[in-house]
Amino acid sequence: MEREKIAILVDSCTDVPAEERARLGIYVAPMTIHYEEGSYTDGVDITPGEVYDRFPAEIPSTSLPSSYAVLGVLRQIQQDGYEKVLLISISSGLSGTNNVFHLAVQNVPELDCRIFDTRRIGIGAGLLVLAAARLIESGVPFEDLVPRLERCRGRGQMYFCLSTLDYLRKGGRIGLVSGAMGSLLGVLPVISCNDEGVYYTVKKARGRRNCLKAAMDQLVKDAAQWPSYCLAVVHGGAAEEAAEGLAQLKARLPHVRHIYTGQISPALVVHTGPGLIGICAQAM
């Protein structure tokens, strides 16, 4: 029996590594980054470094992909010979992208579309996208993909540490994390997404190094329940810390199958500021 031909469409804040997007042929609906002098397409005509460099002068805003833009990508998918599309978004608890996907697919009834809410953000969502690609490659039927991904979502964890909460607060995306934390005695939160896909504080630690250690300790504890897993360590302008953290996690996690590392997307930079370290493990 011939394997189904299924396209994957994601928003750019799922932060799937560029080389994996290219290898797997994943389609992307990018966010837009807005400055007073003009707008830029996330990951296309602006880099994370350029966002950092411009922070002293201006903190930009971001906007969702428009329904029109998503429809354009869906039309391209159709032209490329696909009849079935799996759309995967970052958490609907943090972004309206999932709703945009629902609106856009109504205009392409000729495509069979399924939409999956990762209830995560960044590489945490990205590892679920890569899990979806593996399911498709293994021949899982189209109608079974979302139920399988929902089970995958319960077998992975993501945590991140920030040097400041100011950018989350300014962007209105601080969720259940206390905006006052960090200003008191250097206490910093380990942040994750809860079951509804909203930011919350997992642990608190005094100082940056203790915060990172608490996040890694928790991830090691989580991963112990899975026989094998993917590991991701990403950063926002903190490459040396990310490399150190990756080395420590590799030494403590004996059953890693794949490792992903790198800089977060420009749109995510806008909302987290400099100094983010994100770690994630996803069961295979």
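How many bridges join strand 3 to strand 4, and do these strands run parallel or antiparallel? In this predicted model, strand 3 (residues 32-35) and strand 4 are joined by four bridges and run antiparallel. One place to look for this pairing is Thr32, whose bridge partner in strand 4 is Thr41. The two strands belong to an open sheet of three strands, arranged in the order 4-3-5 with antiparallel pairing. Strand 4 (38-41) and strand 5 (61-63) form the edges of this sheet, and each of them pairs on one side only. From one strand to the next, the twist averages 30°.

A second open sheet contains four strands in the order 2-1-6-7, and here the pairing is parallel. Its edges are taken by strand 2 (27-29) and strand 7 (112-117); each has a single partner strand, so one side of each is left without a neighbour in the sheet. On average, and with direction ignored, neighbouring strands of this sheet are turned by 25° against each other. Within the sheet, strand 6 (residues 84-89) pairs with strand 7 in the parallel sense, over six bridges. A helpful landmark along this pairing is Leu87, which stands opposite Ile115 in strand 7. Helix 6 (residues 145-153) packs on the sheet, where it touches strand 1 (6-11), strand 6 and strand 7. The direction of helix 6 makes about 10° with that of strand 7.

Helix 6 also meets another helix. The axes of helix 5 (residues 123-137) and helix 6 come within 10 Å and cross at roughly 135°. An angle between 115 and 145 degrees falls into the oblique class, and helix 5 and helix 6 are therefore oblique to each other. Their crossing is right-handed. On the side of helix 5, the contact is made by Leu128, Ala131, Ala132, Leu135 and Ile136. Helix 6 contributes Leu145, Arg148, Leu149, Cys152 and Arg153.

Further along the chain, attention turns to strand 8 (residues 156-161). Five of the six residues of this strand are buried, so strand 8 is largely enclosed by the rest of the structure. Strand 8 pairs with strand 13 (residues 276-283) in the antiparallel sense, and six bridges make up the pairing. Readers following this pairing in the model will find Phe160 with Gly278 of strand 13 as its bridge partner.

Two individual residues round off the picture. The first to consider is Glu20, which is found in helix 1 (residues 18-24). Glu20 has a relative accessible area of 12%, and because the cut-off for burial is under 20%, Glu20 counts as buried. Its side chain makes a polar contact with the side chain of Arg23, at 2.8 Å. Leaving aside residues up to four places away in sequence, Glu20 touches Leu130 and Tyr260.

The other residue is His235, located in strand 11 (residues 229-236). At 11% relative accessibility, His235 counts as buried as well. The side chain of His235 reaches the backbone nitrogen of Ala239 at 3.4 Å. With residues up to four places away in sequence again left out, His235 touches Ala242, Gly262, Gln263, Ile264, Leu276 and Ile277.

Notes:
Residues numbered from 1 in each chain as written. Predicted model: local features only at pLDDT ≥ 70, side-chain atom pairs only at ≥ 80, totals over all residues. Heavy atoms only, no water. Pairing = 2+ DSSP bridges. Axes fitted to C-alpha atoms, helices over the stretch in contact; angles between N-to-C directions. Contact = heavy atoms within 4.5 Å. Buried < 20%, exposed > 50% of the residue type's maximum accessible area, 1.4 Å probe, protein only. Polar contact = N/O pair within 3.5 Å; in protein donor to acceptor, adjacent residues only side chain to side chain. Parallel < 35°, antiparallel > 145°, perpendicular 65-115°, else oblique. Left-handed = near helix turned anticlockwise from the far one by under 90°.
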